[in-house]
Amino acid sequence: MESEPPPPPEKNPVTLSISVTNATDGGKKRVDHGEEVAIAIFSRNRLPEAGSFCLTASADFENEPYAKQMPIDLQGTPAGDIADKTNILTVKRQLLDPQKLKPLMWEDIQRVTVPDSSGRYTVRADLRDANGDIVAHATKPVYFQRDPGNAKGRLPFSIEKVDQQKEIWKLNDTLDQLTYSSEYPLYKEMREMQRLRHALQGRQAFIAEISANGLLEWALRPKQENGDDSNFDQLYDERYNSEDGPREKLIAAWRI
């Protein structure tokens with residue numbers, strides 16, 4: 001079960017990340033009919049010199065972009081310092097189901113009727129330099145009246161056992177489901193043991209191992225595919241904003 005850990009990823013000098021929260025009920029990851037979604041876009045500039053960029057941001061449940069080549073100035077970061085996470089855009093929308101009556105309007109906030117009564121939508125953002133080249137990219141899902149299936153503090157994907165699969169584990173394209181094969185030889189040979197003192201044993205150790213690898217894949221795949229390292233930034237922020245370390249949080253999430 002042990003293997004050499006991969007080298008730490010190289011950080012892009014300029015990065016984007018997106019936060020999506022339910023502004024009406026912060027305890028939910030989904031946004032229901034008549035509730036407000038708060039979208040915040042952040043950037044880090046790890047270069048020592050300040051930079052000027054242009055931001056383009058949109059969501060696929062709206063026709064108009066949130067930003068179109070909007071000028072963004074980022075302060076530099078002195079060598080050895082940690083780059084500040086700068087909020088460069090904040091948007092609030094009240095999301096409406098096309099099949100339901102609109103609630104009474106109590107606040108001056110823009111309303112959006114989403115295409116379907118339930119679904120998973122995406123917020124996208126690009127940051128371009130003076131030459132028009134994309135230097136940072138980020139995406140984030142918005143769940144409208146759809147339960148994403150993961151409570152706060154747990155793994156960002158579900159774990160499912162499948163009958164046939166060549167890979168020992170596989171994270172799907174949308175990064176929300178990790179699968180493993182019940183017929184995989186290593187898994188079949190393991191016992192059903194849960195714990196021995198404080199250590200996970202048997203099949204629970206197998207699940208813990210693929211969960212850790214899947215979490216690393218979840219964090220790094222966007223960076224590998226299009227330079228978006230927002231998922232890595234989420235792991236970094238979660239690690240240092242929590243009283244528990246990453247190992248404790250991951251163990252707490254292994255409730256299979």
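**Strands, cores and one aromatic pair**

Trainee: Which residue in β5 is the bridge partner of L55?
Mentor: Keep in mind that this is a predicted model. L55 belongs to β4, which covers residues 51-59. β4 and β5 (residues 67-74) run antiparallel and share 6 bridges. In β5, L55 has as its bridge partner M70.

Trainee: Which residue in β8 stands opposite C54?
Mentor: β4 also pairs with β8, residues 119-128. That pairing is antiparallel, again with 6 bridges. Opposite C54 in β8 stands R128.

Trainee: Along strand β4, which side chains point to the buried face?
Mentor: In a regular strand, side chains alternate between the two faces of the sheet. β4 shows this alternation. S52, C54, T56 and S58 point to one face and are not buried. The buried ones, pointing to the other face, are G51, F53, L55, A57 and A59.

Trainee: Which are the edge strands of the sheet that holds β4?
Mentor: This open sheet has 5 strands and mixed pairing. Its order is β2-β9-β8-β4-β5. β2 joins β9 in parallel through 2 bridges, with R30 opposite Y143. The strands that pair on one side only are β2 and β5.

Trainee: Which residues touch the most other members of the largest nonpolar core?
Mentor: This core holds 31 residues. The elements giving it two or more residues are β1 (14-22), β3, β4, β5, β6 (86-96), β8 and β9 (134-144). L127 has contacts with, among others, V14, L16, L55, I72 and V135. The residues touching the most other members are L16, I39, L55, F61, L95 and L127.

Trainee: What angle lies between the planes of F61 and Y121?
Mentor: The whole structure has 1 aromatic pair. F61 and Y121 form this pair, with centres 5.9 Å apart. It counts as edge-to-face, and the angle between the planes is 80 degrees.

Trainee: How many residues apart in sequence are the parts that this pair ties together?
Mentor: F61 is buried at 4% relative accessibility, and Y121 is buried at 7%. F61 sits in the loop between β4 and β5, while Y121 sits in strand β8. The pair therefore links parts whose separation in sequence, in residues, is 60.

Trainee: Is E35 buried or exposed?
Mentor: E35 lies in the loop between β2 (30-31) and β3 (36-45). Its side chain reaches the backbone nitrogen of D32 at 2.9 Å. Beyond four places in sequence, E35 touches residues including N22, K28, R93 and L95. Its relative accessible area is 13%, and the cut-off is under 20%, so E35 is buried.

Trainee: Which residue in β12 stands opposite K170?
Mentor: Look at the open sheet of 3 strands, ordered β10-β12-β11, with mixed pairing. Its edge strands are β10 (158-162) and β11 (170-171). β11 pairs with β12 (residues 177-181) in the antiparallel sense over 2 bridges. Opposite K170 in β12 stands T179.

Trainee: Over which residues does pLDDT stay under 50?
Mentor: The protein averages a pLDDT of 80, and 73% of the residues score at least 70. Where pLDDT is low, the predicted coordinates should not be read in detail. The stretch with pLDDT under 50 has 22 contacts beyond four places in sequence. That stretch is residues 239-256.

Methods. Residues are numbered from 1 along each chain as its sequence is written. Side-chain values use heavy atoms; hydrogens and water are left out. Helices (H or I, at least four residues) and strands (E, at least two) are DSSP runs, numbered from the N terminus. Buried means under 20% relative accessible area, exposed over 50%, partly exposed in between (1.4 Å probe, protein chains only). A polar contact is a pair of N or O atoms within 3.5 Å; within protein, one must be able to donate a hydrogen and the other to accept it, and residues adjacent in sequence count only if both atoms are side-chain atoms. Contact means heavy atoms within 4.5 Å. Two strands pair if DSSP finds at least two bridges between them. pLDDT is the predictor's confidence in each residue, from 0 to 100. A nonpolar core is a set of buried Ala, Val, Leu, Ile, Met, Phe, Trp, Tyr and Cys residues joined through side-chain atoms within 4.5 Å. Rings of Phe, Tyr and Trp (its six-membered ring) pair if their centres lie within 6.5 Å; planes under 30 degrees apart count as stacked, over 60 as edge-to-face and the rest as tilted.
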